[in-house]
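Work through the exercises below with the coordinates open. Each task is followed by its solution in steps.

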Amino acid sequence: MKTLLLLLTPFLFGAATMAAAEAKEVPATSVSFQKILILDKFISEGASIGDINADGKPDIVSGSLWWQGPDFKKSFAYAPVKFFPVKGPGFTGYSNNFLSFTAHITPDKWIDIVRVSLPGLPGDWAMNPGEKPLPNDNTKHTCTHGKSQDNICNESPQLLNVIGDDKPELLAYSHGQITLAIPNPDPTKLWQVLPISAKEKRFHKYTHGLGAGDINGDKLTDILEKAGWWQQPANWDKKSHWTFHPYPFAPKQGGAQMFAYDIDGDGDNDVVTALNAHAYGIAWYEQIKQEGKITFKQHTILTDKPEGNPYGVCFSQPHAMACVDIDGDGIKDLVTGKRYYGHNGKDPGANDPAVIYWFRATRHKDGSVEFVPHLIDDNSGVGCQVATADLNGDKKTDIVIGSKKGVFAFIQK
């Protein structure tokens, strides 16, 4: 797919589209994607990837369904299947499945599925859903399920290994504080919830922006949120609160998933984040030292106007994000796009096309970095989660998303 950013019309990206003479031409790329429609119904705002049936091939999970790889034509259920109207009778605008993650919770060969519902509700997990798959028209039955955490808040929770043990933890907010929840393989028991912060009113259930990465270079994973970062203590006792270092990464609404990695190649980790999940803005923050202390310098990627990006790109609602090496050059790139009808048409740019882009992280000889936008698709967008993996064994990174438009895979050619 060729990215013809200079020819994008005002209809596509709003009346303020940058004039061609003012925008830079996007450098050519050999990267292109084949779009595969997995499901044309709204079942979830997220999607994940994992070998559900233990056949050695990645499968796709979204909502209460999973699709068998490598062609994703056969689907199965692991819980009652429900589709949600985007408009019209019965419309609520939301699925009861915001995000999903795949991991080995139980000590066997079967992958388990961790589900996050609407913010503030309990989460659950499905044990060995690929062992005895249910038909895709199932509306009554479920595989064995257990509760994960009784209250999961923030709109960008993640399942990842933060404390360095043998299992990933669920990073989220819960009951007014930042938490890590350690999985319990016994479905009759709740997960162990570890407090990262004290309780604060600002940690409410609809807060946006959350992530993790080693900020201070001590080989311990820290936690990122829109107002700063939380330093993991050495030899943490799993009880005491982490040290907070304030920094206004996203001082207004807050964004999506946040990431820390060495963007500019100078040896320390920088931060990339969306600024407002329901409006506009993406930036990366270069880590710098002032008087021996860690701080950051903002570098804008997108604003609320086409002229805010050198290539004239502008879209709203960047509610999901992934950092992954798309083109195989050893540098992580950025994958994000527009969440379609995040607040049911009430957000800025709500009726603009549901785009998804990958931004190539390009390091220049003078030490500067830019994220060069390449359009992947303009009729799918993102929900609350972007999943990436090699789906077909060609050693190239592919992309999976779930949104109100449906479930899609983008296979790199």
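**Exercise 1. Burial of a charged pair**

Task: For Arg115, decide whether the residue is buried or exposed, then do likewise for Asp124, and find what joins the two side chains.

Solution. The model is a predicted one.
Step 1. The relative accessible area of Arg115 is 18%. Buried means under 20%, so Arg115 is buried.
Step 2. Asp124 has a relative accessible area of 19%, and by the cut-off of under 20% Asp124 is buried as well.
Step 3. A salt bridge requires a side-chain nitrogen of Lys or Arg within 4 Å of a carboxyl oxygen of Asp or Glu. The closest N and O atoms of Asp124 and Arg115 are 3.1 Å apart, and the pair forms a salt bridge.

**Exercise 2. Two partly exposed pairs**

Task: Classify the accessibility of Lys305 and Asp304, then treat Asp329 and Arg360 in the same manner, and state which parts the second pair ties together.

Solution.
Step 1. Lys305 and Asp304 meet through their side chains in a salt bridge, at 3.6 Å from N to O.
Step 2. Lys305 has a relative accessible area of 40% and is partly exposed; Asp304, at 44%, is also partly exposed.
Step 3. Between Asp329 and Arg360 the N to O distance is 3.4 Å, again a salt bridge between side chains.
Step 4. Asp329 is found in the loop between β23 (321–324) and β24 (333–337), and Arg360 in strand β25 (residues 356–363), so the pair ties together parts that are 31 residues apart in sequence.
Step 5. The relative accessible area is 31% for Asp329, which is partly exposed, and 27% for Arg360, which is partly exposed.

**Exercise 3. Count and network**

Task: How many salt bridges does the rule give, and which residues are linked with Glu45 in a network?

Solution.
Step 1. The count comes to 11 salt bridges.
Step 2. Glu45 is linked with Arg339 and Lys404 in a network of salt bridges.

**Exercise 4. An open sheet**

Task: Give the strand order of the open sheet formed by four strands, and identify its edge strands.

Solution.
Step 1. The order is β11-β12-β13-β14, with antiparallel pairing.
Step 2. β11 (153–160) and β14 (192–195) each pair on one side only, and these are the edge strands.
Step 3. On average, neighbouring strands of this sheet are turned by 25° against each other, direction ignored.
Step 4. β13 (residues 177–182) pairs with β14 in the antiparallel sense over four bridges. Ala181 stands opposite Val193 of β14.

Conventions: Residues numbered from 1 in each chain as written. Predicted model: local features only at pLDDT ≥ 70, side-chain atom pairs only at ≥ 80, totals over all residues. Heavy atoms only, no water. Pairing = 2+ DSSP bridges. Helix = DSSP H or I, 4+ residues; strand = E, 2+ residues; numbered from the N terminus. Axes fitted to C-alpha atoms, helices over the stretch in contact; angles between N-to-C directions. Buried < 20%, exposed > 50% of the residue type's maximum accessible area, 1.4 Å probe, protein only.
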